[in-house]
2 protein chains.
Amino acid sequence: MDDELLMVRVAELSYDENRTQDEIGALLGISRWKVGRLLVQARERGIVRIEIVHPRARRLGAERALVERFGLKDAVVVPTAEEAGAALERVARAAADMLAALRPVPRALAVSWGRTLTAVADALPSGWAHGVTVVQANGGVSLSRRSGGAASVAVTIAQRGEGQAVLLPSPAILERVETKQAIEADRTVAAILEQAANANTFLFTAGPCDPASAHVENGYLSADDIAELARRGAVGDLLGRYIDADGNIVDPQLDARTVGVGLDRLRSASRAVFVTAGAAKHDIARTVVSNGLCSILVTDESTALALLEEI
Amino acid sequence: MDDELLMVRVAELSYDENRTQDEIGALLGISRWKVGRLLVQARERGIVRIEIVHPRARRLGAERALVERFGLKDAVVVPTAEEAGAALERVARAAADMLAALRPVPRALAVSWGRTLTAVADALPSGWAHGVTVVQANGGVSLSRRSGGAASVAVTIAQRGEGQAVLLPSPAILERVETKQAIEADRTVAAILEQAANANTFLFTAGPCDPASAHVENGYLSADDIAELARRGAVGDLLGRYIDADGNIVDPQLDARTVGVGLDRLRSASRAVFVTAGAAKHDIARTVVSNGLCSILVTDESTALALLEEI
DNA sequence: AGCATCTCTGCTCATCTGAGCAGAGCCATG
DNA sequence: CATGGCTCTGCTCAGATGAGCAGAGATGCT
């Protein structure tokens, strides 16, 4: 009997039959130490495959690699789901679990908005925090009729955290710089932006630079604007601000018309939680992570692998 | 954190990260005994799935159940292969492994023939026995041109076992009883049949009762004969003899024209190894097994489950 | 409420298992 | 043929683990 067959027999007796290594040794006429070694080999060679099958399973190896590679505080990676489309769901749930377990419990949380964050908000358990203040970090709009959009993200997160939401009453991007400056000059708005900027925890997503963007959908930008941004190197936006692969603002004039906290606050915040799912966002995710724009990353396995595979 | 999520975390740390239960307990704030219990539960609930992925893997649970249920000496069950068609291959290899490991090593082995046994013969390693005498247990013919058929089964097995083959120079079924009696009266033939009957180890397959049978292919029976046998309750044949679900000869007259060892010898032999693969043979397999016609069964998982699922 | 029952927890202790080591066999080279 | 690596083996020993148990707490029934 060759060694490989022996591994199979040993593995069967050990895992299927729960025999002790001693028993197996006696049964197959080998020493118990050899049994142990064969088991290790069987695992190494992939004869024994151990899988954790659960929607909330994670990939600790990838998490560790990401933390290491990009100097993050923490990372959460969920396995790619069998059925496509469940990725967002799983990532959102993982993000919710992570938030609920954050210590110290956040007291001031600044949030962006989008489909991803809506999912995170919905996945948060009631009582995830006790008296959290949730501030919108950038201008928002009703993204989609059904789910309530930007405001509802903050409201839901606040409700479930037994706290209150502070909404930013402004569009995301204004047509004229003057209008934007006027809005920011408003004392209420200024106070809210200040509050957001001082939040010690940020929770945000990013959008890819493509014509299906929420900004186009809501009329802040045209498909042509997006094309031009892409031409100038934009890979996507976060908090409404379009950046290139090096993390720099692509169009300063456009940026000047964007209402919200500046990206530098993400770098300096004590916790900046970035949630992203899906292949379309691999590029912007890479940008965010490699430019230190987040300290905690929550994503799916395929994104994690894309981030890690670079030379 | 509910218990199920806890199981997932514990399983990840234990299996993916190789942490000790102590460490995991400290990490998650639970006692090490709870970690152990969660691990057990995770396996029970199927959150942790341990699979042995190898062409030579077996299903020890099913084997034990078969031995128990049908009072067998031994059983070998191989997992169903992903690619259909590989079942015969795997079963044959398992049968070969089993034969090679038989103790005491067979000195006199009586064999039937067929595609299954050809595969078993081909899978036997050289030197599987030392000086075995292989006798044909029933009349044989060249089943298929390419592989040599009946005779080659015995010859190959004998060669690889450093022994000699004793071939039965007779068709499987004769047209007239008189011819059959004449052949059996021949002293050489009689001696061979005697030798086969006295073998302490039998190795055989069975065929289903259908018109694609080797007996039809070789002209011993017509499709009409098969239909008639089926109508009278035949589920298949072994050693050329057609039996019903209760293990009784269906057509005594036909049986009287069949050359070979009688089925009772299978019951009394110290080892009767029955090899079968494929859904077409589930019925005849059930008959063989439940009527004590074999003492060692080698088969695939789907057959095993079919045999075990009865009430 | 009072009581019985069931489940869950953390413990002791015996057993099981992995790390690390020294000796045996094996091969290639000088 | 001797020598030095190399792998493989079975050992010791410490650390990891599972079985079984008694007490705590929950649950349900009268």
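In this predicted model, helices α8(A) and α9(A) meet through a small set of named residues: I183(A), E184(A) and A185(A) on the α8(A) side, and V189(A), A190(A) and L193(A) on the α9(A) side. Sorted by class, this contact holds five nonpolar residues and one charged residue, with no polar ones. Helix α8 of chain A covers residues 177-185 and helix α9 of chain A covers residues 187-197; their axes come within 5 Å and cross at roughly 80°. Since angles of 65 to 115 degrees count as roughly perpendicular, α8(A) and α9(A) are therefore roughly perpendicular to each other.

Chain B can be read in a similar way. Here helix α8 spans residues 177-185 and helix α9 spans residues 187-198, with axes that come within 5 Å and cross at roughly 80°. That crossing makes α8(B) roughly perpendicular to α9(B). From α8(B), the residues I183(B), E184(B) and A185(B) meet V189(B), A190(B) and L193(B) of α9(B). The class count for this contact is five nonpolar, no polar and one charged.

Further along chain A lies an open sheet of three strands, in the order β7-β8-β9, with antiparallel pairing. Strands β7 (206-208) and β9 (241-244) of chain A stand at the edges; each has a single partner strand, so one side of each is left without a neighbour in the sheet. On average, and with direction ignored, neighbouring strands of this sheet are turned by 35° against each other. Strand β8 of chain A, residues 234-238, runs antiparallel to β9(A) and is joined to β9(A) by four bridges. One of the residues to look for is A234(A), whose bridge partner in β9(A) is D244(A). Across β7, β8 and β9 of chain A lies helix α14 of chain A (residues 282-290), which runs at about 70° to β8(A).

Attention now turns to where the two protein chains meet. In total, 21 residues of chain A are in contact with 21 residues of chain B. On the chain A side, the elements that give two or more residues are α1 (3-16), β1 (48-52) and α4 (60-70). Helix α1(A) gives the most, with six residues. By class, the side of chain A that touches chain B is made up of eleven nonpolar, three polar and seven charged residues. A strand pairing also links the chains: β1(A) and strand β1 of chain B (residues 48-52) pair in the antiparallel sense over five bridges. Within this pairing, E51(A) has R49(B) as its bridge partner in β1(B).

Both chains also contribute residues around the DNA. Around DNA strand C are T20(A), Q21(A), D22(A), W33(A) and G36(A) from chain A, together with S31(B), W33(B) and K34(B) from chain B. The elements giving two or more residues to this surface are α2 (21-28) and α3 (32-44) of chain A, along with α3 (32-44) of chain B. The surface near DNA strand C divides into two nonpolar, four polar and two charged residues.

For DNA strand D, the surrounding residues are S31(A), W33(A) and K34(A) of chain A and T20(B), Q21(B), D22(B), W33(B) and G36(B) of chain B. Here α3 of chain A joins α2 (21-28) and α3 of chain B as the elements that give two or more residues. Two nonpolar, four polar and two charged residues make up the surface near DNA strand D. W33(A) and W33(B) are each listed around DNA strand C, and W33(A) and W33(B) are each listed around DNA strand D.

Notes: Residues numbered from 1 in each chain as written. Chains lettered and ligands numbered in written order. Predicted model: local features only at pLDDT ≥ 70, side-chain atom pairs only at ≥ 80, totals over all residues. Near = placed C-beta within 6 Å. Nonpolar A, V, L, I, M, F, W, Y, C, P; charged D, E, K, R; others polar. Pairing = 2+ DSSP bridges. Axes fitted to C-alpha atoms, helices over the stretch in contact; angles between N-to-C directions. Contact = placed C-beta atoms within 7 Å. Parallel < 35°, antiparallel > 145°, perpendicular 65-115°, else oblique.
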